[in-house]
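This report concerns the charged pairs, the strand pairing and the nonpolar core of one protein model. The charged pairs are taken up at the outset, and the strands and core follow.

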Amino acid sequence: MKKPRFILPVTLALALMPTTLSVPALADDSMVSFAMPSGNISCRFIPQSEGASASAGLELPTLSCEREKQSPARIILGPSGKGAIYKDISDPFCCDGDTTVGYGQTWEHGPFKCVSAEDGLTCRRRDGHGFFISRAKLLAY
């Protein structure tokens, strides 16, 4: 009986895979969510869509991330300008997601790119504006 010869090439291919999570194609009005492995931070990405209403007060596309536990807070980064920090949130969504972005991995969709690390989550828009969120710190720039 012959042994399969594909095990080594498959193992090598998996080891060399990039650590960026690819997001499947979305319908125009689909929201995507992800969480950190700790379960303390999660995010929602809302793409630009003709069907989406501006009545919610959000400019699209928008990335919104929350933290739970010690002191709940939310950071929202829209299509332009600096992110906005909210410390008094009455409608929390934290802390689950469609997928988990492991430490050292990158999540990217639309104009946003986030890097997960043990000390927190850093997200940026293509123009350089972004934020850092962790259990202990909130920073928008």
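Three salt bridges are present in the structure, which is a predicted model. Their partners and distances are set out below.

| Acidic residue | Basic residue | N to O distance |
|---|---|---|
| Glu-66 | Arg-74 | 2.3 Å |
| Asp-91 | Arg-74 | 3.1 Å |
| Asp-127 | Arg-125 | 3.0 Å |

Through shared partners, Glu-66, Arg-74 and Asp-91 are joined by salt bridges into one network. How is burial distributed within this network? Arg-74 and Glu-66 are both buried, and the relative accessible area of Arg-74 is 10%. Asp-91, at 46% relative accessibility, counts as partly exposed, because the partly exposed class runs from 20% to 50%. The salt bridge between Asp-91 and Arg-74 connects a loop with a strand: Asp-91 lies in the loop between strand E6 (84–86) and E7, whereas Arg-74 belongs to strand E5, so the pair ties together parts that are 17 residues apart in sequence.

In the salt bridge between Asp-127 and Arg-125, the acidic partner, Asp-127, is partly exposed with a relative accessible area of 47%. Arg-125, by contrast, is buried, with a value of 5%.

The strand pairing may be described from E2. Strand E2 spans residues 32–35; Val-32 and Phe-34 point one way and Ser-33 and Ala-35 the other, and all are buried. Four bridges link E2 to strand E3 (residues 41–46) in the antiparallel sense, with Phe-34 opposite Cys-43. The two strands form a hairpin with five residues between them, and Gly-39 in the turn has a positive phi of about 80 degrees. E2 also pairs with strand E7 (residues 99–100), here in the parallel sense and over two bridges. Thr-99 is the bridge partner of Phe-34 in E7.

Phe-34 recurs in the largest nonpolar core, which has 20 residues; those touching the most other members are Phe-34, Leu-63, Cys-65, Trp-107, Leu-121, Phe-131 and Ile-133. At least two residues of this core come from each of E2, E3, E4 (62–67), E5 (73–77), E9 (112–117), E10 (120–125) and E11 (130–133).

Which residues does Cys-65 contact, leaving aside its neighbours within four places in sequence? They are Ser-42, Cys-43, Ala-73, Arg-74, Ile-75, Phe-93, Leu-121, Cys-123, Phe-131 and Ile-133. Among these contacts of Cys-65 is Arg-74, the residue whose side chain meets that of Glu-66 in a salt bridge.

Conventions: Residues are numbered from 1 along each chain as its sequence is written. This is a predicted model: local features need pLDDT of at least 70, side-chain atom pairs count only at pLDDT 80 or more; totals for chains, interfaces and linings use all residues. Side-chain values use heavy atoms; hydrogens and water are left out. Buried means under 20% relative accessible area, exposed over 50%, partly exposed in between (1.4 Å probe, protein chains only). Two strands pair if DSSP finds at least two bridges between them. A nonpolar core is a set of buried Ala, Val, Leu, Ile, Met, Phe, Trp, Tyr and Cys residues joined through side-chain atoms within 4.5 Å. Contact means heavy atoms within 4.5 Å. A salt bridge is a side-chain nitrogen of Lys or Arg within 4 Å of a carboxyl oxygen of Asp or Glu.
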